[in-house]
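The following report describes how selected helices and strands are arranged in one molecular structure. Please read it alongside the sequence and the coordinates.

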Amino acid sequence: MMGSENQGFEEAHLYASKEEMENLVLDEPLNDNKSHSNYRSALSSLADTHHPLSPPVAATPADSDPLLAPPSYSDFGNPSIHDNSYLDPPSYADVTFSPFDGDTGNDINGIESPSKSSDNSGSLSRSPSSSSEYIKITVSNPQKEQETSNSLVPGGNTYVTYLITTRTNIPEFGASEFSVRRRFRDIVTLSDRLAESYRGYFVPPRPDKNVVESQVMQKQEFVEQRRVALEKYLRRLADHPVIRKSDELKVFLQVQGKLPLPTSTDVASRMLDGAAKLPKQLFGESAVAPHEIVQPAKGGRDLLRLFKELRQSMANDWGGSKPPVVEEDKEFLERKEKMHELEQQLSNASQQAESLVKAQQDMGETMGELGLAFIKLTKFENEEAMFNSQRVRAADMKGLATAAVKASRFYRELNAQTVKHLDTFHEYLGLMLSVNGAFSDRSSALLTVQTLISELDSLHSRAEKLESASSKIFGGDKSRIHKLEELKETIRVTEDAKNVAIREYERIKENNRSELERLDAERKSDFLNMLKGFVLNQVGYAEKIANVWTKVAEETSGYVRESS
Amino acid sequence: MEPQQRSVSGSSQSPRSPSSQPFLSVSVTDPVKLGNGVQAYISYRVITKTNFPEYQGPEKIVIRRYSDFVWLRDRLFEKYKGIFIPPLPEKSAVEKFRFSAEFIEMRRQALDIFVNRIASHQELQQSEDLRTFLQADEEMMERLRSHETGIFKKKPADLMQIFKDVQSRVSDVVLGKEKPVEESNPEYEKLKNYVFELENHLAEAQKHAYRLVKRHRELGQSLSDFGKAAKLLGACEGNALGKAFSELGAKSETLSIKLQKEAHQLLMSFEEPLKDYVRAVQSIKATIAERANAFRQQCELAETIKLKEINLDKLMLTRSDKVGEAEIEYKELKAASEEATNRFETIVRLMNEEIVRFQEQKTVDMGIAFHEFAKGQARLANGIADAWRSLLPKLEVCSS
């Protein structure tokens with residue numbers, strides 16, 4: 001015990017300037033939906049410069065690096081755990097968790113991640129559906145660039161670009177490693193295009209736009225936060241079995257120079273487009289191109305369609321008659337309900353996880369402070385000792401203090417791991433956004449179908465009226481016949497559009513279904529891994545802490561007399 | 001967990017067994033809340049078992065309240081200058097209103113320790129006031145208690161002033177002296193500095209110990225909340241995953257209970273002894289103040305005597321008829337001076353013995369406290385490890 005003479009004092013110095021730990025800076029919630037600010041600041045405060053822990057993690061909930069997720073249970077380097085040896089409890093003392101990503105240099109206690117070399121995917125720990133395919137995306141090297149084109153503001157507009165590096169063995173990419181520079185605007189474009197192309201899929205939500213002043217935009221912290229967010233987003237995209245193969249993503253990752261995807265910001269021209277079309281639409285003359293049916297009605301472009309769909313949805317809600325096609329899939333409705341419920345419970349669980357993490361952190365801190373106080377006492381008693389009993393007491397105190405400081409360190413390490421494990425709650429909470437998106441894709445597709453069917457009904461009844469009216473006139477009614485022919489043409493086109501819409505709706509339904517299946521399977525796997533990881537972690541560190549205190553209890557056992 | 005403070009002067013034996021070993025054993029038990037509202041107070045049963053001849057009988061039970069203990073402490077402080085009188089728990093007007101079970105238990109424990117320390121102290125155990133405290137009936141005690149408040153109770157302001165005098169070399173305004181009269185004893189100086197600094201260090205340690213208790217409670221609470229959330233999630237998920245969450249939630253709640261238990265243990269077996277240590281040091285400071293007083297008195301008298309001597313000589317020379325008077329006065333002063341010197345020297349002697357005893361006692365007290373603390377933490381950590389470990393096979397089942 002006395003051997004660790006200096007260790008206690010060294011450790012004391014480690015915590016000497018722990019004000020950083022104590023001043024938890026609470027970031028304002030950047031995500032309007034969920035504010036995990038406390039949790040996130042707990043995360044960032046864990047980035048203690050004294051410890052080689054993970055780098056400061058950003059404050060948005062969508063940001064936890066999937067690569068930092070705990071390795072799956074089967075990925076353990078420690079063979080004894082594979083052997084299911086609960087008869088002979090393995091010492092978890094040697095088990096420490098490190099993130100997969102060796103690139104970001106995340107090593108806990110200098111112990112290398114057991115799966116660093118396996119490098120099977122840039123995703124959550126479960127192995128991807130296709131055996132050995134992988135895409136690993138890294139976002140780095142933010143740089144300021146100047147807007148070259150005409151800018152109204154003198155001095156020009158500066159923006160930040162990020163270097164996006166991809167490593168893959170998927171043949172469709174045509175290369176195994178490549179990089180591009182992209183700006184945040186490009187991410188928005190990518191995200192919008194994906195949303196259009198992959199309706200019904202659980203498309204991961206992109207990082208928020210964060211409308212802030214340009215000054216803040218350029219601040220180091222903000223840029224870093226954004227970099228992390230982007231990396232996380234792209235990795236999630238690469239993780240999705242369907243989206244990872246998409247043209248949009250490929251183009252985004254590979255094509256040098258300007259991103260060759262249509263942007264969403266062309267509002268002005270769309271408005272004009274819509275305005276020009278509007279009179280035609282109002283008079284029922286314009287043909288609605290079938291492929292445009294595939295997209296949900298957007299403002300500016302499809303005003304008339306919007307009106308009609310709105311009317312339809314109101315009729316659905318308030319009208320007496322049943323809409324022509326309803327969501328009949330009971331199973332789907334049940335699952336939707338369940339997803340909603342799940343979202344609530346996840347939110348609750350993730351909040352409680354935050355509190356738990358905070359409580360563990362506080363415990364560690366206070367334990368450390370107690371240890372420090374006793375170290376000071378030890379020094380004091382030793383210096384001022386006039387009696388041997390003081391020296392004995394000082395030695396006892398030293399033992400206690402050293403143990404307390406050690407325990408404190410274990411608590412903090414435990415917590416760093418706990419944060420990563422329980423982060424899975426946050427992850428899935430973020431995923432719920434994409435689930436909701438996919439469900440609303442389905443709703444809007446259904447609405448389109450319903451609208452078209454109603455439209456057809458009214459067209460048919462108009463046609464009937466015209467027919468019966470013109471048949472009453474002997475010899476026929478030239479103008480009415482002409483109108484009838486036009487109407488029949490419109491009916492044909494609308495019929496086509498309806499068929500396209502139905503096909504689209506069915507397609508989306510199928511996407512929903514397969515995605516839900518995928519979600520269920522992956523969720524089960526991820527959460528079970530999380531639970532195992534969390535529990536193993538707790539066990540490991542509890543054992544370590546117990547050892548530390550058992551030693552002190554033994555050393556002081558001489559003081560306990562038999563009770564009278 | 002009863003601290004091992006129930007030390008007796010001899011072996012503890014039942015009063016009936018024939019024994020030549022003198023013993024005095026006291027216990028403070030059965031706190032009962034009496035009275036209403038602001039007037040509410042706690043009464044305790046004080047049970048004495050002894051074979052001391054001065055006592056009325058082998059066993060006596062009386063009812064006492066906190067202010068009775070205060071009376072005893074004050075009397076001892078007056079009579080036994082130089083001895084470190086065992087400290088009492090704080091008055092705490094605020095907590096009194098809540099009278100939580102924990103507070104009551106802490107106080108009872110502290111009072112029990114207080115009386116036992118007196119009973120096991122070689123000199124203090126002979127005290128007549130102690131005998132009164134342990135044996136007098138309630139009415140007598142009440143009379144004594146209220147009688148003393150005026151005379152013996154020191155006003156906090158006075159006490160503070162005395163401390164200030166000892167701590168800093170500020171001139172003693174009360175006595176109207178310009179230069180403070182202090183011992184010039186380097187070893188004693190060292191002791192005084194030690195005592196004052198020790199209090200600061202201990203207070204800090206105690207503060208953190210108290211916070212640690214709170215942390216245990218908070219962690220327990222968050223585990224409980226987390227457990228509930230996990231259970232709800234489990235119910236929502238259903239199937240194997242749901243079961244896993246439910247199991248986790250249940251374990252979490254179990255651990256929450258363990259943490260609350262340990263928090264209580266920590267409070268009673270670790271934080272309280274530290275607080276007690278702080279109080280003990282404060283009691284020493286009071287003794288230091290007394291010593292300073294005694295020293296000052298001795299010096300004053302010595303000065304006065306010198307003046308009287310000169311005066312007396314003068315009178316003798318002039319063959320004044322005031323000589324007789326002056327001689328008597330001088331003799332009286334001489335006697336008083338001797339008394340003052342005795343008093344002071346007694347204090348010095350006693351303090352020297354006391355400080356040795358104090359250091360030894362504190363090493364034992366702290367040793368026990370550390371042991372309990374470490375034992376408790378080990379017990380908690382092992383409990384946590386066991387609980388989580390038992391969950392692992394269940395999780396295994398869920399994933400297959």
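## Helix packing across and within chains

The axes of helix H12 of chain A and helix H7 of chain B come within 7 Å and cross at roughly 165°, where axes are lines fitted to C-alpha atoms, for helices over the stretch in contact, and angles run from 0 to 180 degrees between N-to-C directions. That makes H12(A) roughly antiparallel to H7(B), in a scheme where angles under 35 degrees count as roughly parallel, over 145 as roughly antiparallel, 65 to 115 as roughly perpendicular and the rest as oblique. H12(A) passes H7(B) in a left-handed crossing, a term used if the near helix is turned anticlockwise from the far one by less than a right angle, with right-handed used if clockwise.

This is a predicted model, in which local features need pLDDT of at least 70 and side-chain atom pairs count only at pLDDT 80 or more, while totals for chains, interfaces and linings use all residues. Residues are numbered from 1 along each chain as its sequence is written, chains are lettered from A and ligands numbered from 1 in the order in which they are written, and side-chain values use heavy atoms, with hydrogens and water left out. Helices (H or I, at least four residues) and strands (E, at least two) are DSSP runs, numbered from the N terminus.

One residue of H12(A), which spans residues 330-384, is Gln352(A). At 16% relative accessibility Gln352(A) counts as buried (buried means under 20% relative accessible area, exposed over 50%, partly exposed in between, with a 1.4 Å probe and protein chains only). Leaving aside residues up to four places away in sequence, Gln352(A) touches Asp225(B), Phe226(B) and Ala229(B), contact meaning heavy atoms within 4.5 Å.

Within chain B, helix H7 (residues 186-237) and helix H8 (residues 239-317) pack at an angle of about 165° with their axes 7 Å apart, which makes H7(B) roughly antiparallel to H8(B); their crossing is left-handed. H8(B) in turn comes within 8 Å of helix H9 (residues 323-399) of chain B, axis to axis, with a crossing of roughly 170°, and H8(B) is therefore roughly antiparallel to H9(B). The table divides the residues of the contacts by class, with Ala, Val, Leu, Ile, Met, Phe, Trp, Tyr, Cys and Pro as nonpolar, Asp, Glu, Lys and Arg as charged, and the others, Gly among them, as polar.

| Helix pair | Nonpolar | Polar | Charged |
|---|---|---|---|
| H12(A) with H7(B) | 26 residues | ten residues | 15 residues |
| H7(B) with H8(B) | 33 residues | 15 residues | twelve residues |
| H8(B) with H9(B) | 43 residues | 13 residues | 18 residues |

Asn239(B) is placed in H8(B) and has a positive phi of about 60° although it is not a glycine; at 71% relative accessibility, Asn239(B) counts as exposed.

## The sheet of chain A

Three strands of chain A form an open, antiparallel sheet in the order E1-E2-E3, two strands being paired if DSSP finds at least two bridges between them. Strands E1 (135-146) and E3 (177-183) of chain A stand at the edges with a single partner strand each, so one side of each has no neighbour in the sheet. From one strand to the next the twist averages 20°. Ten bridges join E1(A) to the antiparallel strand E2 (residues 158-168) of chain A, and Gln143(A) stands opposite Thr161(A) in E2(A).

Asn141(A), which lies in E1(A), has a positive phi of about 55° although it is not a glycine, and is partly exposed, with a relative accessible area of 38%.
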